[in-house]
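Let's take a walk through this model together, beginning with its charged side chains and ending with the overall fold. Keep the viewer open as you read.

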Amino acid sequence: MGELPAPGAAQFVDTMAMRVGGAGANAALAMVELGLDTRLFGCVGEDFVGRWLLEEIGGLAADTVVVPGQSTGVTIACEKPGRDRSFLTLLGVCATYDFSMIPADALTSSSVLVCDYFCAPALRGEPTRKLLEGAKAGGAQTFFFDTAWDPDGFGPQARAEVHELLPLVDVFVPNESEACALVDDRDPYSAARTLQEISGGWVVVKLGADGCHAAGPDGVTFAEAAPKVVVADTTGAGDTFNAGLVGALAHGESLPAAMRAATRFASTVVSRPSGERYVSR
């Protein structure tokens with residue numbers, strides 16, 4: 001849908017579907033499809049939606065915290081051909097998810113993806129720093145970071161928070177809008193370079209239908225075009241890309257090869273109907 005109906009009015013939509021969501025769950029389900037040994041950390045409320053989610057994610061539910069008396073977070077994604085998606089989110093129990101809910105052995109994984117930073121306000125800033133530092137101490141080899149969009153529009157405080165965390169990250173994976181907003185730059189390519197200079201590691205900017213662009217140390221850049229597909233549902237495309245990138249790098253692929261694999265995987269997934277998102281669970 002392009003816009004909300006006028007007050008007191010109603011509007012029909014062409015399709016509507018309910019599926020597992022959230023950047024972490026999207027990426028985890030995609031990793032399972034790729035055959036990766038995957039653990040998902042997060043929380044749900046003790047309600048109908050929470051019970052449904054736990055059933056849907058199957059074995060990934062083992063590390064999910066169920067919080068009594070709280071509602072499960074829900075997002076409504078609005079899409080229309082020719083315009084980018086818009087999201088309405090109820091944080092619910094996600095607003096209270098904090099460092100104490102993450103088991104210590106979560107930090108011993110070889111690859112760690114921290115995502116939906118702004119959807120877990122109790123983890124912002126110092127808790128995420130502790131998480132990344134703890135993962136490094138626990139033996140993690142590669143850290144991936146995806147903030148998602150800041151509902152407050154990436155003001156000075158939010159930018160400073162993210163900038164301070166970037167030196168702890170090996171691969172930062174924002175989308176085009178996020179990368180530009182984080183450095184107040186309309187050009188995603190120069191934004192990627194600025195973010196890379198802050199990070200010192202790699203910055204891979206997701207460009208939607210245009211593929212992705214990477215900026216790395218010593219001025220190195222890579223680019224990967226996206227194959228043309230008939231798109232069914234773009235929501236979660238970036239999360240699927242993250243999963244593909246994590247998986248390919250974990251299997252020893254070079255960054256350009258990993259970008260190619262991730263782009264192709266995400267393009268394949270967005271061409272599937274919303275209710276048939278991932279092949280295996």
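Arg 39, Asp 63 and Asp 105 are linked in a network of salt bridges, a salt bridge being a side-chain nitrogen of Lys or Arg within 4 Å of a carboxyl oxygen of Asp or Glu. Within this network, the side chains of Arg 39 and Asp 63 meet at 3.0 Å, N to O. That pair links distant parts of the chain, 24 residues apart: Arg 39 sits in the loop between α1 (23–33) and β1 (42–45), and Asp 63 in the loop between α2 (48–57) and β2 (64–67). Helices (H or I, at least four residues) and strands (E, at least two) are DSSP runs, numbered from the N terminus.

A note on the source: this is a predicted model, in which local features need pLDDT of at least 70 and side-chain atom pairs count only at pLDDT 80 or more, while totals for chains, interfaces and linings use all residues. Residues are numbered from 1 along each chain as its sequence is written, and side-chain values use heavy atoms, with hydrogens and water left out.

The whole structure holds 9 salt bridges. Another of them joins Glu 224 and Arg 260 at 3.5 Å, N to O. Here, too, distant parts of the chain are linked, with Glu 224 in strand β10 and Arg 260 in helix α8 (residues 255–270), 36 residues apart. Glu 224 is buried, at 15% relative accessible area, whereas Arg 260 is partly exposed, at 33%; buried means under 20%, exposed over 50% and partly exposed in between (1.4 Å probe, protein chains only).

Glu 224 also leads us to the sheet. Six strands form an open, mixed sheet in the order β5-β6-β7-β8-β9-β10, where two strands pair if DSSP finds at least two bridges between them. Its edge strands are β5 and β10 (221–224), each pairing on one side only. At the β5 edge, strand β5 (residues 111–115) runs parallel to β6 (residues 142–146) over 5 bridges, and Cys 115 has Asp 146 as its bridge partner. Further in, β7 (residues 171–172) and β8 (residues 202–206) are parallel and joined by 2 bridges, with Phe 172 partnered by Val 203.

Between β5 and β6 in the chain, follow helix α3 (residues 126–137). In α3, Glu 133 forms a salt bridge with Arg 129 at 3.7 Å; the two are 4 residues apart, so about one helical turn separates them.

Finally, step back: the protein chain has 8 helices and 10 strands, and 43% of its 281 residues count as buried.
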